[in-house]
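This report describes the fold of one protein chain and a few of its residues. The sequence and the structure come first.

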Amino acid sequence: MQSTELKAFIVDKIEDLKARDIVELDVKEKSTITEYMVICSGTSKTHVKSIAEHVALESKNAGIPPLGIEGRDGSEWVLVDMGNVILHVMQDHTRDFYQLEKLWSDNHA
């Protein structure tokens, strides 16, 4: 599966569980470890964990298991590493604090 197809697959799966404020970032020119980042919010620790686990399960079922999953224990911020696409599922306060969109955007000074 190509990177853009994988990104679309991930977005579709997080939409299944009603993830909020979905942002897709092209970081090919800024990162040596991935091409895209998808960032979304969940409404609670349980919601964040459920979104991440849904993506992991559905991708595994599609024959593209994640390379790694971090943060499930705390579920404030769960990262699902799919290789060319990294998914960040965060609670609102964690997302506000780290501001990944600002960090990785083209307008970052």
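The text below covers the sheet, the helices and then some loop residues of this predicted model.

**The sheet**

The strands form an open sheet of 5 strands in the order β1-β2-β5-β4-β3, and the pairing is mixed. At the edges stand β1 (20-26) and β3 (68-70); each has a single partner strand, so one side of each is left without a neighbour in the sheet. On average, neighbouring strands are turned by 15° against each other, direction ignored. One of the pairings joins β4 (residues 77-81) to β5 (residues 85-91) in the antiparallel sense, over 5 bridges. Val80 stands opposite Leu87 in β5.

**The helices**

Helix α1 (residues 3-16) packs on the sheet, where it touches β1, β2 (36-42) and β5. The direction of α1 makes about 5° with that of β2. Helix α2 (residues 45-61) lies across β2, β3, β4 and β5, and runs at about 160° to β5.

The length of α1 can be checked against its residue count. At 1.5 Å a residue, its 14 residues should span 20 Å, and the end C-alpha atoms are 20 Å apart, which agrees.

Which residues of α1 are buried? They are Ser3, Leu6, Lys7, Phe9, Ile10, Val11, Lys13 and Ile14. These buried residues pack against β1, β2, α2 and β5. As background, an α-helix has 3.6 residues a turn, so residues three or four places apart point the same way.

**Loop residues**

Ile64 is found in the loop between α2 and β3. Leaving aside neighbours within four places in sequence, Ile64 is in contact with Met1, Leu6, Phe9, Ser59 and Met82. Of these, Met1 is 63 residues from Ile64 in sequence, yet the two are 8.4 Å apart in space, C-alpha to C-alpha. Leu6 and Phe9 also appear among the buried residues of α1.

Two loop residues have a positive phi although neither is a glycine. Lys18 follows α1. The table sets out both residues.

| Residue | Loop | Phi | Relative accessible area |
|---|---|---|---|
| Lys18 | between α1 and β1 | about 60° | 63%, exposed |
| Ser75 | between β3 and β4 | near 60° | 4%, buried |

Is each of these residues buried or exposed? Lys18 is exposed, because its relative accessible area of 63% is over 50%. Ser75 counts as buried, because its 4% is under 20%.

Notes: Residues are numbered from 1 along each chain as its sequence is written. This is a predicted model: local features need pLDDT of at least 70, side-chain atom pairs count only at pLDDT 80 or more; totals for chains, interfaces and linings use all residues. Side-chain values use heavy atoms; hydrogens and water are left out. Two strands pair if DSSP finds at least two bridges between them. Helices (H or I, at least four residues) and strands (E, at least two) are DSSP runs, numbered from the N terminus. Axes are lines fitted to C-alpha atoms, for helices over the stretch in contact, and angles run from 0 to 180 degrees between N-to-C directions. Contact means heavy atoms within 4.5 Å. The expected span of a helix is 1.5 Å times one less than its number of residues. Buried means under 20% relative accessible area, exposed over 50%, partly exposed in between (1.4 Å probe, protein chains only).
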